[in-house]
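Dear colleague,

Please find below the structure I agreed to pass on to you. My notes on it follow the display.

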Amino acid sequence: MHHMQSVAINVLEEYHLMSLTLEYRRECRQSNLVESLTSSSHANRKADVVEFTHLIRLQCDKAEIVRARTEWQPKLTTHLI
């Protein structure tokens with residue numbers, strides 16, 4: 001079985017979602033078992049932007065159901081004096 005993971009908690013706390021692209025590949029049925037995988041991408045255009053590829057696929061034959069790409073930008077911090 002493959003390791004399941006999502007976006008790391010520090011990304012959720014320190015970044016905001018800048019872009020989301022969804023590609024629907026096929027349908028699935030209620031009885032289908034699926035896997036959810038996330039991997040980071042090192043091909044970002046800007047040094048401060050973090051990119052991830054998200055994949056939901058059928059467990060039985062690994063056929064992709066949905067592929068998504070997200071881009072995260074650091075949250076601006078404001079310092080109160």
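I begin with Leu22, which is partly exposed, with a relative accessible area of 42%. Please bear in mind throughout that the model is predicted. Leu22 belongs to strand β1, which covers residues 15-24. Together with Leu17, Leu20 and Tyr24, Leu22 makes a nonpolar surface patch of about 440 Å².

The overall architecture may be described briefly. The chain contains one helix and four strands, and their order along the sequence is α-β-β-β-β. Of the 81 residues in the chain, 25% are buried. About 6,300 Å² of the chain is exposed, and carbon and sulfur atoms supply 54% of that area. Among contacts with a separation of 6 or more, 62% are between residues 24 or more positions apart.

Turning to the interior, the largest nonpolar core consists of five residues, namely Val7, Val11, Tyr15, Phe52 and Trp72. Phe52 deserves a separate remark. When residues up to four places away in sequence are not counted, Phe52 touches three other members of that core, Val7, Val11 and Trp72. Phe52 also touches Thr38, Ser39, Ser40 and Ser41, as well as Ala68, Arg69 and Thr70.

Leu12 is found in helix α1, which spans residues 9-14. Is Leu12 buried, partly exposed or exposed? Its relative accessible area is 43%, and Leu12 is therefore partly exposed, since that class lies between the 20% limit for buried residues and the 50% limit for exposed ones. Apart from neighbours within four places in sequence, Leu12 is in contact with Val7, Trp72 and Lys75. Leu12 and Trp72 are 60 residues apart in sequence, while their C-alpha atoms are 8.9 Å apart in space.

Finally, a word on the cysteines. How many disulfides does a search of the whole structure find? The search finds zero. Cys28 is partly exposed, with a relative accessible area of 41%. Cys60 has a relative accessible area of 67% and is therefore exposed, as this value is over 50%.

Yours sincerely,
A colleague

Notes: Residues are numbered from 1 along each chain as its sequence is written. This is a predicted model: local features need pLDDT of at least 70, side-chain atom pairs count only at pLDDT 80 or more; totals for chains, interfaces and linings use all residues. Side-chain values use heavy atoms; hydrogens and water are left out. A nonpolar core is a set of buried Ala, Val, Leu, Ile, Met, Phe, Trp, Tyr and Cys residues joined through side-chain atoms within 4.5 Å. Buried means under 20% relative accessible area, exposed over 50%, partly exposed in between (1.4 Å probe, protein chains only). Contact means heavy atoms within 4.5 Å. Patches are made of residues with over 30% relative accessible area and no salt bridge: like charges are joined within 9 Å, nonpolar side chains (Val, Leu, Ile, Met, Phe, Trp, Tyr) within 5 Å. Accessible areas come from the Shrake-Rupley method with a 1.4 Å probe; for residues, only the protein chains shown count as cover. A salt bridge is a side-chain nitrogen of Lys or Arg within 4 Å of a carboxyl oxygen of Asp or Glu. Helices (H or I, at least four residues) and strands (E, at least two) are DSSP runs, numbered from the N terminus. A disulfide is a pair of cysteine sulfur atoms within 2.5 Å.
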